[in-house]
Amino acid sequence: NGHATGFGIGSSVNSGGKIPLGLKRKGLRIVVTGGAGFVGSHLVDRLISRGDSVIVVDNFFTGRKENVMHHFGNPRFELIRHDVVEPLLLEVDQIYHLACPASPVHYKHNPVKTIISFTPIINFPNLPQFFFIISRTLNMLGLAKRVGARFLLTSTSEVYGDPLQHPQVETYWGNVNPIGVRSCYDEGKRTAETLTMDYHRGAGVQVRIARIFNTYGPRMCIDDGRVVSNFVAQALRKEPLTVYGDGKQTRSFQYVSDLVEGLMRLMEGEHVGPFNLGNPGEFTMLELAQVVQETIDANAKIEFRPNTEDDPHKRKPDISKAKEFLGWEPKVPLRKGLPMMVSDFRQRIFGDHKENAA
Ligand code: NAD
Ligand code: UDP
Ligand code: UDP
């Protein structure tokens, strides 16, 4: 630690990949943790097509090689099977940190591992108190500090918990149950935000924080239990759409290409954030079921199931800040985005039986 420097392609130490005006842009060297996952793989596509060199770091917990296989053989692409809980030495300009189990089914499966991998803390089991947890470090932030790279954290709208303010503005501190079944995710991401800001303030690391709202699109895990993937897979398989609770809870659904554009603008821009990245179009789960019926099968049945614990009642981003400072807003409404996801799911469910290799 300490002596190595960030000789990433085309940038000097601590430039965080920023290109001085007037200079021709050279490719950057960029790490995408979780890059074999749903969002990560779309981000990788954009970065590669922009001319950058991309290193994907993924342990394939929910990610799939199929998501990035089309880059194999490209000298600007590298895939490393690695768990971000373990330290990692690389020389890069930018770090997009996406690695973590992101769907409730997955993160509830191993909550202790969840909180560790969201906020990868070394020696976690030996640390008795939260005080020590936040004083410990994210490996990826340690890496960013060592090589002078810019670090982007993909946080979540879940930091607002079951929000008492609607729509949610970045200045809202949230309403999170610290001891519930979702806490490993919510509190894990909140701690990750804290660590990110502590590295920024304490070690001068260039950081960016995105608070991502529910996102859908091609390459989503088919059986990860999230509502859009569930409804689409169910309608295609002629199974009833499972609506949890009374179906009146709301979410705001963002198409993945809009999110990727927002993440890249945030990384390249001058502002730390946090920024809400989401589509303000708000739907109840019953309305979503209806859109899925219109898109796939008008005769699809709806089946009510008991709701999960601590399910947020409503969620909708206020994106004024991202509009003003990043010049960003989503372009793809649900009724346009859903069919693109449906054709991908159709192909994977009916045309490709290698599916579900998590
Ligand atoms: P995903 O499950 O498809 O991708 C996560 C990737 O991280 C997977 O490829 C997985 O294998 C990898 N991973 C998990 N733990 C790891 C570890 N310890 N080491 C290395 N790799 C690991 O999920 P996604 O929807 O693409 O989410 C990407 C990021 O965006 C996550 O940080 C998630 O919390 C955040 N996010 C997503 C949404 C959404 O609606 N999709 C909403 C809010 C926040
Ligand atoms: N780290 C890493 N890659 C690096 C630099 C650091 O994985 O290139 C890890 C390192 O192992 C440590 C953590 O990041 O556990 C935090 O590093 P930092 O230098 O901030 O803290 P220190 O090592 O001084 O505790
Ligand atoms: N949900 C549902 N049916 C499903 C899966 C989820 O009605 O098959 C509901 C869930 O109770 C929640 C909403 O859809 O109110 C969004 O759930 P998801 O897990 O997709 O995202 P999150 O709760 O993390 O926003």
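## Overview of the model

Helices and strands are here runs assigned by DSSP, with at least four residues for a helix and at least two for a strand, and they are numbered from the N terminus. On this basis the protein chain of this predicted model contains 11 helices and 13 strands.

The chain has 358 residues, of which 46% are buried. Among the contacts between residues at least 6 apart in sequence, 78% join residues that are at least 24 apart.

## The seven-stranded sheet

Strands of a sheet pair through backbone hydrogen bonds, either parallel or antiparallel. In this model, 7 strands form an open sheet with parallel pairing, in the order β3-β2-β1-β4-β5-β6-β11. The edges are occupied by β3 (77–81) and β11 (275–277); each has a single partner strand, so one side of each is left without a neighbour in the sheet. On average, neighbouring strands of this sheet are turned by 20° against each other, direction ignored.

Two pairings in this sheet involve β5. With β4, the pairing is parallel and extends over 4 bridges; Q94 stands opposite R150 of β5. With β6 (residues 207–212), the strands also run parallel and are joined by 6 bridges, and F151 has V207 of β6 as its bridge partner.

## Strand β5 and its surroundings

Is β5 enclosed or left open by the rest of the structure? A residue counts as buried if 20 or more other C-beta atoms lie within 10 Å of its own. By this criterion 7 of the 7 residues of β5 are buried, so the strand is largely enclosed by the rest of the structure.

In a regular strand the side chains alternate between the two faces of the sheet. Both faces of β5 are covered: one side carries R150, L152, T154 and T156, the other carries F151, L153 and S155, and all of these are buried.

## Helices that accompany the sheet

Helix α6 (residues 183–203) packs on the sheet. This helix touches β5 and β6, and its direction makes about 155° with that of β5. It consists of 21 residues and reaches 28 Å from its first C-alpha to its last, close to the 30 Å expected at 1.5 Å a residue. An α-helix has 3.6 residues a turn, so residues three or four places apart point the same way. The buried residues of α6 include C184, G188, A192, L195 and Y199. Just after α6, G204 takes a positive phi of about 70°.

Helix α8 (residues 256–268) lies across β4 (94–97), β5, β6 and β11, and runs at about 160° to β6. In helix α5 (residues 139–147), the buried residues are M140, L141, L143, A144, K145 and V147. Their cover includes β1 (29–33), β4, β5 and α6. The residue that follows α5 is G148, whose phi is positive, near 70°.

## The shell around ligand 1

Ligand 1 is surrounded by 29 residues, and the closest of them are G34, G37, F38, V39 and G63. Three elements give two or more residues to this shell: α1 (38–50), β2 (53–58) and β5 (150–156). Which element provides the largest share? It is α1, with 3 residues. By class, the shell around ligand 1 has 15 nonpolar, 12 polar and 2 charged residues.

## The shell around ligand 3

Around ligand 3 there are 14 residues, and R226, V227, N230, T242 and Y244 come nearest. The elements that give two or more residues to this shell are α7 (227–236) and β8 (241–244). Strand β8 gives the most, with 3 residues. By class, the shell around ligand 3 has 5 nonpolar, 6 polar and 3 charged residues.

## A residue in a loop

F61 is located in the loop between β2 and β3. Why is F61 classed as partly exposed? There are 19 other C-beta atoms within 10 Å of F61, whereas a buried residue requires 20 or more, and an exposed one has 12 or fewer. F61 and I30 are 31 residues apart in sequence, and their C-alpha atoms are 21 Å apart in space.

Definitions and conventions: Residues are numbered from 1 along each chain as its sequence is written. Chains are lettered from A and ligands numbered from 1 in the order in which they are written. This is a predicted model: local features need pLDDT of at least 70, side-chain atom pairs count only at pLDDT 80 or more; totals for chains, interfaces and linings use all residues. A residue is near a molecule or strand if its C-beta atom, placed from the backbone, lies within 6 Å of it. Ala, Val, Leu, Ile, Met, Phe, Trp, Tyr, Cys and Pro count as nonpolar, Asp, Glu, Lys and Arg as charged, and the others, Gly among them, as polar. The expected span of a helix is 1.5 Å times one less than its number of residues. Two residues are in contact if their C-beta atoms, placed from the backbone, lie within 7 Å. Two strands pair if DSSP finds at least two bridges between them. Axes are lines fitted to C-alpha atoms, for helices over the stretch in contact, and angles run from 0 to 180 degrees between N-to-C directions.
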